[in-house]
Amino acid sequence: MSSTHTFPDARRPAPERLTLDVVLCADSLVALRALPAASVDLALTSPPYFRQRDYGRGIGNEASLDDYLSALLAVFGECLRLVKPTGSLVFNVGDKYDRKSLLLIPHRFALAALERFPVQLVNAVTWVKRNPTPRHFRRRLVSSAEPFFHFAVSDDYQYFPQNFLRRPSAPENSQRRARIGQRYFQLIAASSLTDQQKAQARAALEAAIAEAQAGIIQDFRMKIRGIHSVPFGGREGGRNIHLERDGFTIIRMHGERLKRDVIETPVESLKGCPHRAVFPEAVVTEFIRLLTRPGDVVLDPFVGSGTTAVAAKKLGRRYVGIDINPEYCAYARQRLAGAVCQASLLDAAAW
Ligand SMILES: C[S@@+](CC[C@H](N)C(=O)[O-])C[C@H]1O[C@@H](n2cnc3c(N)ncnc32)[C@H](O)[C@@H]1O
C-alpha cells in the first residue's frame, strides 16, 4: 500500500456528528468535505460512467479520461477520510469503448486508487448480468459483466462472509439437493473400473449423497480414476492412494459453500424511475451484508435513484446518500419512504 494520502485532514474543521438517513442533493465532493471523519462503515457506489450518459451535470462529462479519473479519485479520497479504520469502500466503475478498443477504465481507476491512497484491494468482484442488453456485434462479444472493487482501509476491516450469497432453503435449493451427486453414477458406469470397484464406488457415492442431503456435509466432489485429474498438486498421499487402490475418492466439504468473487443477477429496471442506470438492489444487498452489521452506516456519494440507501434501510442499516440531480434525489426519497426494514430470519440466524 502506498501512503501518499493522509487522513483525516486535520486542516479542515469537520462537524462532530453525521446526520443519518438522509439524501443530500449536492455535489458529492462538496458534501463529503462537510462530513465528519471516520463516521461511515461502508462507502458503496457506482459513479457516473465516462461520457456514457448525459446526466446533465456532475462527473462524467470531462474532456479527457485523465480528468474523469481525477474527479473520481478526489471523491474516493474523501470517502476514505469518512470511512472508519474497520470499514470498506466498494466502487463499481463502468468501462467504455473508444475507437473499437476497451479503455479499461475500471482497472485504471483501481490501479490509481492503490497508488495514491493507503488502501488494500481485497477483491474485484464480478457482477455477471444475466440479461445484458441484447445487442449483436459482428466483431466482438456482448459485455455482460462489471467489476465491483472492494477496498479496505486496514487489515482489520469487518467482514461477514457467512452472510454473502446466503440463501434460505428455497424450493429450488431442495430440488438441487435431490440432484446432488447424481451425475457421478453415470461417470462410474462409463469408467474403466472393475465391477467390484464400481459397486464400491456406487455405495460410497450413495453414502456421501445421504450425508449431503441430511446437511451433515455441505457438499462433496468425487474423483474417478481415468475420468478426473488427480487431486490438486498430485501429491496428496491419501487421496492418490485411494484413487490408485480403489479407483475413486470422495472429497467431503464440511464448511460453508465456497464464497466465490462472482455475483450473478439480472439487470434491474424500476417502473417510473427517471434514472437509466440503476444498481441492482440484489448486488448492493450482498455487499452490505458482507461488510456491515445492523445499525452500521452506509454512504453512497452517487446515490442516483437511491438503491444503496433503500437496500441499507431494508437491512436495518443507517444511510447517507448524495446526488447532484434534484430529480433523482426526489425519486430516491420517495423510494425510501416506501422501504421498510425487513430484518429477515436469515439475518437473525447470521448474527
Ligand atoms: C451511475 S449513477 C448512480 C446510480 C445509482 N447507483 C442507482 O442505483 O440509481 C451516477 C449518479 O451520479 C450522479 N452524479 C454525477 N456527478 C455527481 C456529483 N458531482 N455529485 C453528486 N452526484 C453526481 C448522477 O446524477 C447519477 O445519478
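A search of the whole structure, which is a predicted model, turns up 12 salt bridges. Let us begin with one of them: the side chains of Asp21 and Arg318 meet at 2.8 Å, N to O. Asp21 sits in the segment before strand 1 and Arg318 in strand 12, so this pair ties together parts that are 297 residues apart in sequence. Asp21 is partly exposed, with a relative accessible area of 29%, and Arg318 also counts as partly exposed, at 34%.

Glu281 is worth a look too. Its side chain meets that of Lys314 in a salt bridge, linking helix 8 (residues 281-291) to helix 9 (residues 307-314) across 33 residues of sequence. Glu281 also forms a salt bridge with Arg335. Because Glu281 lies in helix 8 and Arg335 in helix 10 (residues 326-338), this pair ties together parts that are 54 residues apart in sequence. Both Glu281 and Arg335 are buried. Elsewhere, Arg33, Glu78 and Arg81 are linked in a network of salt bridges.

Here are the three pairs with their N to O distances.

| Salt bridge | Distance |
|---|---|
| Asp21 and Arg318 | 2.8 Å |
| Glu281 and Lys314 | 2.9 Å |
| Glu281 and Arg335 | 3.8 Å |

Now to the sheet. It is open and made of 8 strands in the order 1-12-11-2-3-7-6-10, with mixed pairing. Strand 1 (22-25) and strand 10 (262-265) stand at the edges with a single partner strand each, so one side of each has no neighbour in the sheet. From one strand to the next, the twist averages 20°. Strand 2 and strand 11 pair in the parallel sense over 2 bridges, and Leu42 has Val298 in strand 11 as its bridge partner.

Two helices can be seen packing on this sheet. Helix 2 touches strand 2, strand 3, strand 7 and strand 11, and its direction makes about 150° with that of strand 3. Helix 3 touches strand 3, strand 6 (120-129) and strand 7, and its direction makes about 10° with that of strand 7.

Finally, the nonpolar interior. The largest nonpolar core has 40 residues, and those with the most contacts inside it include Tyr68, Phe76 and Leu299. Among the elements that each supply at least two of its residues are helix 1 (28-33), helix 3 (105-116) and strand 12 (318-323). Helix 2 gives the largest share, 11 residues. Leaving aside residues up to four places away in sequence, Phe76 touches Leu89, Phe91, Phe109, Ala113, Phe117, Val119 and Phe151. Apart from this core lies another, of 28 residues, among them Val90, Phe287, Val303 and Cys329.

Conventions:
Residues are numbered from 1 along each chain as its sequence is written. This is a predicted model: local features need pLDDT of at least 70, side-chain atom pairs count only at pLDDT 80 or more; totals for chains, interfaces and linings use all residues. Side-chain values use heavy atoms; hydrogens and water are left out. A nonpolar core is a set of buried Ala, Val, Leu, Ile, Met, Phe, Trp, Tyr and Cys residues joined through side-chain atoms within 4.5 Å. Buried means under 20% relative accessible area, exposed over 50%, partly exposed in between (1.4 Å probe, protein chains only). Helices (H or I, at least four residues) and strands (E, at least two) are DSSP runs, numbered from the N terminus. Contact means heavy atoms within 4.5 Å. Two strands pair if DSSP finds at least two bridges between them. Axes are lines fitted to C-alpha atoms, for helices over the stretch in contact, and angles run from 0 to 180 degrees between N-to-C directions. A salt bridge is a side-chain nitrogen of Lys or Arg within 4 Å of a carboxyl oxygen of Asp or Glu.
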